[in-house]
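Work through the exercises below with the sequence and the 3D structure open. Each one sets a task and is followed by a solution in steps.

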Amino acid sequence: MAQGKPSGRDGLGARECAMFAAASDGIVLTDLQGAILDANPAFCSMTGYSHDELLGKNPRLIKSDRHDAEFYRRMWQALVRERRWQGEIWDRRRNGELFARWLTIDAVLDERGSPAHYVGVFSELCVAHRKDAEVERAVHIDPLTGLPNRLLLRDRLRQAMLLGRRAGHKVALLHLDLDGFKALNERYGHAFGDRLLAAVAERLRTALRSTDTAAREGGDELLFLLPETAAASDAGLVARKLLELLVEPFQLEASRDVRVSASIGIVMYPDDAEDIDELLAHAEAAMQRAKGAGRNRYHFYSRSLQARASQELELEAELRRALEQEQFLLYYQPQVDARRGQLTGVEALVRWNHPRQGVLPPARFLKVAEDVGLIVPLGEWVVRTACRQARRWRDQGLPPLRVAVNLAAAQFDDLRLVDRVAGWLIESGVDPRQFEVEITEGSAMRSPERTVERLMELKAIGVRVAIDDFGTGYSSLGYLKRFPVDTLKVDRTFLRDVPDDEENATLCAAVIGLARSLGMSVIAEGVETAAQVEFLREKECDELQGFLFSRPVPPDELARLARTRTTLLPEGLAPARSKTPARQRRGASIPPRSAPARTTSPGISSRRKDR
Ligand code: C2E
Ligand code: MG
Ligand code: MG
């Protein structure tokens, strides 16, 4: 204790001093006017004030506005008359937080029996003290939902972790967040939101066992503690049950049904974290992933997940830099006519020239680029660069080549797409009929009506359209007929072991037949063997693309191939003789090689005038 300051501990023995210091209850000693003479460490940490800050001050310092003047008047009255007061009291910490304690104040008497000091003991509220169960509720129960609040949940979680460690079982914690709750709140008002929350809580608690705890974390977030869980999959079952319980709409007003879904993150103790804060944080992170993955689902936190998440973050930052610094490249893979092996077009395939890792294939970065919204600017770079490259080849005197680019689904959602493509075609002076966009069957079918509309717009500026990876996306034939498509690209999985694999051979033939009957031309992707070529020729496939002819190559290499090779057929594979050469069927859109390339198509100029 500081020298010279009045001390209430004078006269206490060493044992009492030690007890004072070690007590878990907060203890404060004042003179008769209420000036603080001493306070123990528990009192300091309970209030957030240091020992020095408290000395000499009046306990009013921690007074909350929860009690009226009458409350304090009675307290003093009792102290004077009975030399003791006890009761529940709400005080305020240094950081503004309110806290409730059971306070006992006793007068300490001198030798003559007159009060010399007051000593106040602040202990945790315990049921034995309580005349009024409302205090317990106020401290531990969320008034809106009637569920335990985060305080009580932490308490139970701590206990569950202890027991789990001893008994060797796992503890699961689920963090549930309602999807789109904010919008509902804004639309129907907060009173409605409150009632909805209460109804959700009421319904969801039926999924739990009596030993489980559902708690309100705050806002529209609920926590579920499953203290005895054999395996993570059991927690998954509970999560599924919670989601299923939400399927049925809520009827809060006679005329209004409301549907809500939720995203849930699941964390397991001790597998995923060892302390409470970490567990709570990981459960929330897993919930965020569930949201990111499309909502109305649950997601497990796992340490490997965490590692992947931080890798993805790093990749995202690198990708942004790569876009700024133009670290991307386009390689071009030849497409050849099936009969003679002549180069008819190329597909532009993006590569990342990574400063440390060298040239990376799209599988290493496209998914993340899509997830973080970089696919649109990257895709735009691809289209622009491919247009410019087509122009450069023409300027170098190469025969006209059809250039195809892949469009991601998000680019397809982008309303500016068609105008941009038209703009770059005009800028580079490339004939739109020599330009093809590929959209995978999967993204075309994601929202077929919009696909029809967007493809019509693309057709209106004169570009060609191909459906990529055909056969993998469960197209409805009805839509396929309505899509204004020039070409189907048979996915390379259908070519595996063809013709030996009979099932693949049958499917492959069927796809070619289908395209033919819809008036489209067909390109087979992933051609690697002469036997596949023979088979595809027999089925009247128009064009081929695959390693057998060439891998994707840089633009100069492609120019060299175009100049020096009249056919890309490998040695030993003769050109096929045919009554109807494939090029004639697709020929309508491929200008004869001798024809001068046109700078713009009527499609583009009329469209641009319209705008
Ligand atoms: P895709 O559009 O179906 O492109 C064909 C892929 O098959 C290319 O892989 C190509 O290298 C590979 N391939 C071609 N012939 C053969 C073969 O004979 N055998 C085998 N095993 N593979 C062959 P790549 O370049 O790795 O591209 C993969 C996918 O990434 C593309 O599939 C496309 O969906 C996507 N992609 C590539 N570039 C772009 C782009 O600029 N934008 C978008 N949105 N997606 C792109
Ligand atoms: Mg493609
Ligand atoms: Mg493909």
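**Exercise 1: the metal pair**

The magnesium ion (ligand 2) and the magnesium ion (ligand 3) are 4.0 Å apart, with Asp468 coordinating both. This is a predicted model, in which local features need pLDDT of at least 70 and side-chain atom pairs count only at pLDDT 80 or more, while totals for chains, interfaces and linings use all residues. Residues are numbered from 1 along each chain as its sequence is written, chains are lettered from A and ligands numbered from 1 in the order in which they are written, and side-chain values use heavy atoms, with hydrogens and water left out.

Task: list the protein donors of the magnesium ion (ligand 2) and of the magnesium ion (ligand 3), and state which parts of the chain the pair ties together.

Solution.

Step 1. Donors are N, O and S atoms within 2.8 Å of the metal (3.2 Å for Na, K and Ca); water is not among the atoms, so sites may look incomplete.

Step 2. For the magnesium ion (ligand 2), the protein donors are Glu347 (OE), Asn406 (OD1), Glu438 (OE) and Asp468 (OD), at 2.0 to 2.2 Å. Their spacing in sequence is E-x58-N-x31-E-x29-D.

Step 3. Strand S14 (residues 343-354) holds Glu347 and strand S18 (residues 464-470) holds Asp468, so the pair ties together parts that are 121 residues apart in sequence. Helices (H or I, at least four residues) and strands (E, at least two) are DSSP runs, numbered from the N terminus.

Step 4. The magnesium ion (ligand 3) has as protein donors Asp468 (OD), Asp469 (OD), Glu525 (OE) and Glu525 (OE), at 2.0 to 2.4 Å. Along the chain these donors follow the spacing D-D-x55-E.

**Exercise 2: the antiparallel sheet**

Task: give the strand order of the open sheet with antiparallel pairing, and say which strands stand at its edges.

Solution.

Step 1. Two strands pair if DSSP finds at least two bridges between them. The order of the five strands is S2-S1-S5-S4-S3.

Step 2. Strand S2 (36-39) and strand S3 (84-92) each have a single partner strand, so one side of each lacks a neighbour in the sheet.

Step 3. On average, neighbouring strands are turned by 25 degrees against each other, direction ignored. Axes are lines fitted to C-alpha atoms, for helices over the stretch in contact, and angles run from 0 to 180 degrees between N-to-C directions.

Step 4. Strand S1 (residues 26-30) is joined to strand S5 (residues 115-123) by five bridges, and the two run antiparallel. Val28 has Gly120 as its bridge partner in S5.

Step 5. Helix H4 (residues 69-82) packs on this sheet and touches S3, strand S4 (98-109) and S5, its direction making about 150 degrees with that of S3. Contact means heavy atoms within 4.5 Å.

Step 6. S1 and S2 also pair in the antiparallel sense, over three bridges, and Thr30 stands opposite Ile36 in S2. Five residues lie between these strands in their hairpin, where Gly34 takes a positive phi near 100 degrees.

**Exercise 3: the mixed sheet**

Task: find the edge strands of the open sheet with mixed pairing, and name helices that pack on it.

Solution.

Step 1. The order of its five strands is S7-S8-S6-S11-S12. Strand S7 (213-218) and strand S12 (297-300) are the edge strands, each pairing on one side only.

Step 2. From one strand to the next, the twist averages 25 degrees.

Step 3. Strand S11 (residues 262-269) and S12 run parallel and are joined by four bridges; Ile266 stands opposite Phe300 in S12.

Step 4. H6 packs on the sheet, touching strand S6 (170-178), S7, strand S8 (221-229) and S11, and its direction makes about 20 degrees with that of S8. Helix H8 (residues 190-204) packs there too, touching S6, S7 and S8, at about 15 degrees to the direction of S8.

**Exercise 4: a helix pair**

Task: describe how helix H6 (residues 150-167) meets helix H10 (residues 276-292).

Solution.

Step 1. The two axes come within 11 Å and cross at roughly 110 degrees.

Step 2. H6 and H10 are therefore roughly perpendicular to each other (angles under 35 degrees count as roughly parallel, over 145 as roughly antiparallel, 65 to 115 as roughly perpendicular and the rest as oblique).

Step 3. Leu153, Arg154, Leu157, Arg158 and Met161 in H6 are in contact with Ile276, Asp277, Leu279 and Leu280 in H10.
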